[in-house]
Amino acid sequence: LASALLAMHFIVLIVVPLSGIPPVATAACLAALALAGPTQWALIHEAIHGMLLPRRAANHVLGRALAGCFGAPFRALRFAHLRHHRYNRTPQGREETYDPEVRSRGAAFVQHYLRIGIGLYAGELALNFLCWLPPHLLRPHLRRLCPDFADGAPGMARIAERELLDRAALREMRVDAFLVLAPYT
């Protein structure tokens, strides 16, 4: 399944633009790729949790390839998803909860689907540019995103610094971001 998705991306991003296929056929190829998006995210999700392939290194490489085709650096997607698990339904991660005291049901519905349909992907695309910023500019934002809990339990700030701001981590994300942006350039 992963091989088929990677082949589809190669065809749509490399072969189709170079072949002079009519715009209608190009649109059909892009539509097929868009329809495969949830399946691709499911495979990326398995790679994030280390369950896509049995060997850790192979899992990481395939996760990077799938995430790159999805449009974002794997390491950044992995951290954001694991942060979601750590802070879900806490004051720092209430994106998926509905509180009628805070907003109407209609407003919550619209906000949720705008976030899921546009906001998350826009944020993932932004990671391709954010990873080029110097770590000292990113550090305060990461600390705000990953605070300690009110009961004293540690947040993810130290993990964020290691997983996203370490030299090797930044280098990996920047390579991934370059490979994401290059075909579109």
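**Notebook: salt bridges, helix packing and a surface patch**

I counted the salt bridges and arrived at eight. The model I am reading is a predicted one, and I keep this in mind for every entry below.

**Entry 1: Arg75 and Glu172.** I looked up the pair formed by Arg75 and Glu172, a salt bridge whose closest N and O atoms are 3.3 Å apart. Arg75 belongs to helix α5 (residues 74-87) and Glu172 to helix α9, so this pair ties together parts that lie 97 residues apart in sequence. I then checked how well each partner is covered. Arg75 has a relative accessibility of 13% and therefore counts as buried. Glu172, at 11%, counts as buried as well.

**Entry 2: Arg78 and Glu163.** I next examined Arg78, which forms a salt bridge with Glu163 at 2.7 Å between the closest N and O atoms. Here Arg78 sits in helix α5 and Glu163 in helix α8 (residues 157-165), so the bridge ties together parts that are 85 residues apart in sequence. I asked myself whether Arg78 is buried or exposed. With a relative accessible area of 15%, Arg78 is buried. For Glu163 I noted a relative accessible area of 17%; because the limit for buried is under 20%, Glu163 is also placed in the buried class.

**Entry 3: the network.** I followed Glu163 further and found that its side chain also meets that of Arg162 in a salt bridge, at 3.5 Å from N to O. Which residues are linked in the network of salt bridges? I listed Arg64, Arg75, Arg78, Arg162, Glu163, Glu172 and Asp176. As a general remark, I recorded that side chains of opposite charge can pair when their charged atoms come close.

**Entry 4: Asp176.** I turned to Asp176, one of the network members. Asp176 is placed in helix α9 (residues 167-181). Its relative accessible area is 5%, so I entered Asp176 as buried. Setting aside residues up to four places away in sequence, I found that Asp176 touches Arg64, Pro73 and Phe74.

**Entry 5: helices α8 and α9.** I then compared the two helices that carry Glu163 and Asp176. Their axes come within 5 Å and cross at roughly 50 degrees. I therefore describe α8 and α9 as oblique to each other. On the α8 side, I noted Arg162, Glu163, Leu164 and Leu165 as the residues that meet α9; on the α9 side, the partners are Arg167, Ala169, Leu170 and Met173. Arg162 and Glu163 thus appear both in this meeting of helices and in the network.

**Entry 6: Ala157.** I also looked up Ala157, which lies in helix α8. Its relative accessible area of 21% makes Ala157 partly exposed. Which residues does Ala157 contact, leaving aside its neighbours within four places in sequence? I found Arg143 and Cys146. I further noted that the C-alpha atoms of Ala157 and Pro147 are separated by 6.6 Å, the two residues being 10 apart along the chain.

**Entry 7: a nonpolar patch.** Finally, I turned to the surface. I recorded a nonpolar patch of about 680 Å², made by Phe109, Val110, Tyr113, Leu114, Ile116, Ile118 and Leu120. From this patch I chose Tyr113 for a closer look, and located it in helix α6 (residues 105-130). Tyr113 has a relative accessibility of 49%, and I entered this residue as partly exposed because exposed requires over 50%.

Note on methods
Residues numbered from 1 in each chain as written. Predicted model: local features only at pLDDT ≥ 70, side-chain atom pairs only at ≥ 80, totals over all residues. Heavy atoms only, no water. Patch = residues over 30% accessible without salt bridge, like charges linked within 9 Å, V, L, I, M, F, W, Y side chains within 5 Å. Areas by Shrake-Rupley, 256 points an atom, 1.4 Å probe, with all protein chains shown as cover. Salt bridge = Lys/Arg side-chain N within 4 Å of Asp/Glu carboxyl O. Helix = DSSP H or I, 4+ residues; strand = E, 2+ residues; numbered from the N terminus. Buried < 20%, exposed > 50% of the residue type's maximum accessible area, 1.4 Å probe, protein only. Contact = heavy atoms within 4.5 Å. Axes fitted to C-alpha atoms, helices over the stretch in contact; angles between N-to-C directions. Parallel < 35°, antiparallel > 145°, perpendicular 65-115°, else oblique.
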